[in-house]
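Dear colleague,

I am handing over the structure we talked about, and below it you will find what turned up when its open spaces and its ligand were examined. Please keep the structure open beside this message as you read.

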Amino acid sequence: MTESAPDAPYLGDLLADAPSNWGKWGPDDEVGALNYLGTEEVVAAARLVTSGKTFTLQRLIGDPKGDPVWPGRTPAERTQVLDEGDWDEGGKGPAYPGGLHYADDKIDAYLQGSTQYDALGHVWYGGQIWNGYDARTTIGGLDKASVEPIAQRGVVGRGVLLDMARFRGKKTLEAAETFTHEDLLACAEAQGVSIQKRDILIIRTNFIQLFFDLGEKFYEGFCEPGLVYSPELVQWFADMEIPNLVTDTIANEVTFDPNNGVALVLHNALMRNLGVTLTEIADLEKLADDCAEDGQYAFLYVAAPLKVAKGSGSPVNPVVIK
Ligand code: UVW
């Protein structure tokens, strides 16, 4: 999927003066801004738990209504390998002493085809990924900055929901609709919550509802709504030491920057350069309804993607606890 933008600048030129965290956590770092989430941040976030209400943020894998995926990817396919029918006469069910029967299944799925964490080495330009590692380390699997180190450490901190759809009085944000860090601050203020340093930002657009409403038409002229690049926005993320950006869209930002036509600028400015971890396709609906009801927009956020060796991403079911 490409949108023709012949005059689009090269990312290396666009981001030539942008801030970088390469080397900040040493030459071998593979988790980037997640380093900001230390024991102090975990304890402070745990103190936000008062009611014990919990929310899971993963979308269903193999949803009978369809799985929204980035164009070019295919939804997960689950195959039943064994079930009770395999113990019918002539079936392939193994005979275990004592009469054990069981169900088995497998899935063929993009690791980024559902709610997921991106590895820091997932995107790049100019032949270098996060921390300056050679992009050729991605060949045949990520030798550097794969999702595995993120999965090994887990992600725990203060999450803040920024309900941009409600803030703008819309059921869903529209295709290609943009917002800035200033809009996030205004949204937070309207919600009565402050965005603090080292917060995990969780942004709701409800855009994926249109996938369920429109079917395949959802992909026509595909351009998701989201944050839009500006040097000020990138500097704000750097200054605020944001470790993790979570959204309910497929790719966390406006797909094509309306100002220059470049695709996924923030994947590069935030993830490749600052080491901000991206989490995509989160289901924020129940959480958002609850926040609108109880007015508590800051909470404990806990997530651990699967430990996939060399993976460029991995499914995850984040948990929010209030
Ligand atoms: C791309 O960056 C292409 O996809 P994702 O939405 O997984 O980040």
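The largest pocket holds about 340 Å³ of space; please bear in mind, here and throughout, that this is a predicted model. Its lining is made up of 16 residues, and those that lie nearest the centre of the pocket are Gln58, Arg59, Asp283, Glu285 and Lys286. If you would like to find the pocket by following the fold, look at strand 1 (54-56), helix 6 (209-214) and helix 9 (285-294), each of which supplies at least two residues of the lining. Sorted by class, the lining of this pocket has six charged residues, five polar ones and five nonpolar ones.

The ligand comes next. Which residues are found around the ligand? They are Trp70, Arg73, Gln112, Gln116, Asp118, His122, Val123, Ile250, Ala251, Leu264, His267 and Glu280, and this shell divides into five nonpolar, four polar and three charged residues. Three of the residues are worth picking out on the screen, beginning with Arg73, where an N or O atom of the side chain is 3.0 Å from an oxygen atom of the ligand. For His122, the distance from a side-chain N or O atom to an oxygen atom of the ligand is 3.1 Å, while Ile250 takes part through its backbone, with an N or O atom that lies 2.8 Å from an oxygen atom of the ligand. Taken alone, the ligand would expose 260 Å², and the protein buries 91% of that area.

Finally, there are the enclosed spaces. How many cavities of 30 Å³ or more does the count give? The count comes to two, and the largest cavity contains about 60 Å³ of space. Lining this largest cavity are Arg59, Leu60, Asp63, Gly66, Asp67, Pro68, Gly113, Ser114, Phe212 and Ile281, which by class are four nonpolar, three polar and three charged residues. You may recognise Arg59 here, since this residue was also named among those nearest the centre of the largest pocket.

The second largest cavity has a volume of about 30 Å³, and its lining consists of Phe179, Ile203, Thr205, Pro225, Gly226, Leu227, Thr247, Thr249, Asn252 and Glu253. In this lining, five residues are polar, four are nonpolar and one is charged.

With best wishes

Key. Residues are numbered from 1 along each chain as its sequence is written. This is a predicted model: local features need pLDDT of at least 70, side-chain atom pairs count only at pLDDT 80 or more; totals for chains, interfaces and linings use all residues. Side-chain values use heavy atoms; hydrogens and water are left out. On a 1 Å grid over the protein atoms alone, a cavity is a set of points where a 1.4 Å probe fits but cannot get out, and a pocket is an open set with protein on both sides within 12 Å along at least five of seven lines; lining residues have an atom within 4 Å of a point. Grid points are joined across faces, edges and corners, and a volume is the space filled by probe spheres set on the points. Helices (H or I, at least four residues) and strands (E, at least two) are DSSP runs, numbered from the N terminus. Ala, Val, Leu, Ile, Met, Phe, Trp, Tyr, Cys and Pro count as nonpolar, Asp, Glu, Lys and Arg as charged, and the others, Gly among them, as polar. A residue is near a molecule or strand if one of its heavy atoms lies within 4 Å of it. A polar contact is a pair of N or O atoms within 3.5 Å; within protein, one must be able to donate a hydrogen and the other to accept it, and residues adjacent in sequence count only if both atoms are side-chain atoms. Accessible areas come from the Shrake-Rupley method with a 1.4 Å probe; for residues, only the protein chains shown count as cover.
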